[in-house]
Amino acid sequence: MSVVATTRVERWSAVSVSFTGALAALIALLAFAPLLLGQNSLDNLIQLYFLVILAIMWNALAGYGGLVSVGQQAFIGIGAYGVVFLSVQHSLNPYLAMLVATAIGAAISIPLAAVMLWLRGGAFAIGMWVVAEMFAIFVSLDATLGGGTGTSAVLAFNLRYTPDQRLKYTYWAALAAAATLLVVLFVLLRSRLGASLQAIRDDEEAARSVGVRVLLGRGVLFVLAGAGCTAAGAIILAWQLSILPLGPDSIFGVDWSAKMIFMVLVGGLGTFEGPILGAIVLYLLQTYVSNSGVWYFVMLGSIAIAVALFLPRGVWGAVQERFNLQLLPVGYRLRR
Amino acid sequence: MSLLEVHGVAARHGLLTAVRNLDLAVEEGETVALIGANGAGKTTLLRTIAGAHRPSEGRIVFDGRDVTRLPAHRRAKLGIALVPEGRRLFPNLTVEENLRVAAAAGRKGRWTVDEVLETFPLLEPLRNRRAASLSGGQQQATAIARSLLTNPRLLLLDEVSLGLAPVVVDRVYDALQPLFEADSTIVLVEQDLGRALSVATRVVCMLEGRVVLEGPASELTREQVTDAYFGLRRGAAA
Amino acid sequence: MNWANAVLHGILLGGLYALLATGLSLMFGVMRIINLAHGSLALVGAYMAFLLTEHTSMSTYLSLVIVLPGALVVGYVLQWTLLERSLRAGELVPLLTTFGLLIVIANLLQEFFSPDVHSLPSGSIGTASWRISSHFTVPWLDALILGVAIGALGSLQLLLRRTQIGRELRATAADADTAELLGVDARRVYAYATAIAVATAALAGVFYAMRSAFDPFSGPTQLIYAFEAVVIGGLGSLWGTLLGGIVLGVAQTVGAQIDVQYFALAGHVVFLAVLVLRAVLQAGGLRVLPRGAAA
């Protein structure tokens, strides 16, 4: 019996077709939420969306690119301050400003990649943190951006929109951003780049020897993660309106990295669905258990350590392994 | 009771099985030549015996004691020494420092730094040279000396001739001669069949993770050995 | 005129950074781990000293007699429990677990010690200074710290070069596998390395706390400075770490001369400049970063 004749290589399975369809339907449905749900729910969902963005972007870097960054908050801050800069000082429509700020974040990430991607491991991790600290200091020194006491985009929004409108439009912006980034990442991972990233992950030298462009692959992920985190920062700004560059509540704070690491570790590093699950977990914790303060972060940190040591594939990774399940068809399957 | 007993050992590298269901016994005082083509599993077997590799199945018994779960450094203290493939000296340590690490960490016995330098006089002038700056032959001598300093009861030599010119290999084997002649128990992996057969008391040939031929060196013909080596015919233990 | 004094102060400050960075450098050299909780552990040392000086009549210097051995134990246990498992779990895992540890420590410190700012008493040494000329003043404490830093680095070098444990450390750092074959217990060696690293961190933390104010969130900043010192001086070289610390210290104090707010920024800029320089040189084919630190 010939093995070749009876084995098919597939991308889609019955499960993944139905799930992907369901996900698309869900996103479409969520678009109608502002017409159905109250302010509180919309507010919560916005938080969920930017957490999802942060989680999938951090996972793109660490899970698919092997780059642990403890400095993505640099881009969150760029996004937030970018929107303030453009909409308050240059009177751009705040939602347009969010788009432009994202582009700016992506543009900044390109030369940054050229410098930082020479580093690996812990050097890269802390190096990115230094970059975030630097941006924070630059901003705090700029009086036009509010200096050390922070700034706000209240004016930019309130001059144009009612609070209700702001909430609705921010909701749609957040949903659109999350959905777009999910699609972009999905397409990227299914492309040749995705396959080469998997190869790099498995064995970098071997991948290089067959012509995989390692630096290019990582560069693309870095820029994507930069753009994505910038978009998240822009949404956070639209949601909370006022921001600080320094101190424990800083928009450039390393707490953001703590949350990203928690979400991705718990959800499943290197899986597509995992970070989304992790974001949901964090969101539920934040909403129903506690959302700030000492014990909240002690809990996050402890769970992250425990998961890293004892459940390294995360909740989703464990489920995936156990049930051989793949809801979103990012990889290939062999069917006999 | 044999000094070393390997029972049903299987060893894997990820998804690749390097050693399958292997049984082997080594008596005290024997010199066993472990031969086989590249990829036959010889290095993996030696590393598994020494504790540098975890077997997925089977047991390893040394001097009556089950050492399967024992980490490598504990086995070294019991008297199993492996001179690894490729020498693997500590590159930034001097020859003397390489030796002293072993002397202090391993078993105590007749081999001391002075003893070893007497046996390998070529190392004496190289004492303070960085290991990375030595030639292949000098490195091999240092590696063997280093393992000797742990006063092994079982010495495992993995391809000591690898990458060395024949003249240099001659010298290495000359230096090893007293060990072969004495009561040391040695298992050596050697690609050079001629040399292997000339120093061994027993030959074990591996192919694809299994033993395919085994017997006293004096009783096996060249033909039997090469057939087994290349897997042309399964030979029987004499 | 003030510039020269600023440079001098920068050199002295470099001593503190070098002391802080020593542990980080050691752990990276031996285990290829970058301990993100390093600064936090230094801070824990400072808080322990704070407890002792607040509740007993001990001087800060005397408290070191308790804090340092305690730090050795903490480091040993930390390696044996958390870091050992992290190392085995994967290349990236130590980064993640030490980051988690950083978050946990910072918040626990805040819980038990309040967010208030404190400082450790530095005795008469803390306020005295030499006046060398009309241009130069050298605070005794800073000079002491530089002296301690050099002493610590020197002792560590001696340990590494002349003792069996030092040889085992270097051998295990080079090739843990082969070291094990010779009877060296790599786990124990790693634990010693972490113990030394945490002890030097605690020492640095205590001196830092004598010199400036600290609060529960000072850990990460110290980590960043230590890391910058290590990278500027070259990963894996002890005396390089001293040099890196000094370069960083001078950059910071000179920056502060220009504008007080430029203190940290100047250090960051120099750090990134060194990175860029190394990247450019690397692109040109020179090997400037050791294995494991660069792509």
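Guide: Let's start with a term: two residues are in contact if their C-beta atoms, placed from the backbone, lie within 7 Å. Keep in mind that this is a predicted model.

Visitor: Okay, so which pair of chains shares the most contacts?

Guide: That would be chains A and C, out of two pairs of chains in contact.

Visitor: How close do the C-alpha atoms of chain A and chain B come?

Guide: Their closest C-alpha atoms are 12 Å apart, and no contact joins these two chains.

Visitor: How do I read the size of an interface?

Guide: People often quote the accessible area lost when the parts come together. Here we count residues instead. For chains A and C, 36 residues of chain A are in contact with 39 residues of chain C.

Visitor: Which elements of chain A give two or more residues to that side?

Guide: Helix H7 (121-141), helix H13 (255-267) and helix H15 (294-310) of chain A do. H7(A) has the largest share, 12 residues. Sorted by class, this side of chain A has 29 nonpolar, five polar and two charged residues.

Visitor: And how many residues make up the contact between chains B and C?

Guide: Chain B puts in 23 residues and chain C puts in 15. On the chain C side, helix H7 (164-174) and helix H8 (176-181) each supply at least two. H7(C) gives the most, with six residues. The classes on this side of chain C are five nonpolar, three polar and seven charged residues.

Visitor: Let's go inside. What is a core, and which residues touch the most other members of the largest one?

Guide: Think of buried nonpolar residues joined up through their C-beta atoms. The largest nonpolar core has 289 residues, and those touching the most other members are A:Ile53, A:Ala55, A:Ile235, B:Leu156, C:Ala46, C:Ala193 and C:Val206. Helix H9 (residues 186-211) of chain C gives the most to this core, 20 residues.

Visitor: Which residues does A:Ala55 touch?

Guide: Leaving out residues up to four places away in sequence, A:Ala55 touches A:Met260, A:Met263, A:Val264, A:Gly267, A:Pro275, A:Ile276, A:Gly278 and A:Ala279.

Visitor: Now a residue from chain B: is B:Ser198 buried or exposed?

Guide: You count neighbours, and 12 or fewer other C-beta atoms within 10 Å makes a residue exposed. B:Ser198 is exposed because it has 12. You'll find B:Ser198 in helix H7 (residues 193-199) of chain B.

Visitor: How far is B:Ser198 from B:Pro152?

Guide: Along the chain they are 46 residues apart, and their C-alpha atoms are separated by 23 Å.

Technical notes:
Residues numbered from 1 in each chain as written. Chains lettered and ligands numbered in written order. Predicted model: local features only at pLDDT ≥ 70, side-chain atom pairs only at ≥ 80, totals over all residues. Helix = DSSP H or I, 4+ residues; strand = E, 2+ residues; numbered from the N terminus. Buried ≥ 20, exposed ≤ 12 C-beta atoms within 10 Å, placed from the backbone. Nonpolar A, V, L, I, M, F, W, Y, C, P; charged D, E, K, R; others polar. Core = buried A, V, L, I, M, F, W, Y, C linked by C-beta atoms within 7 Å.
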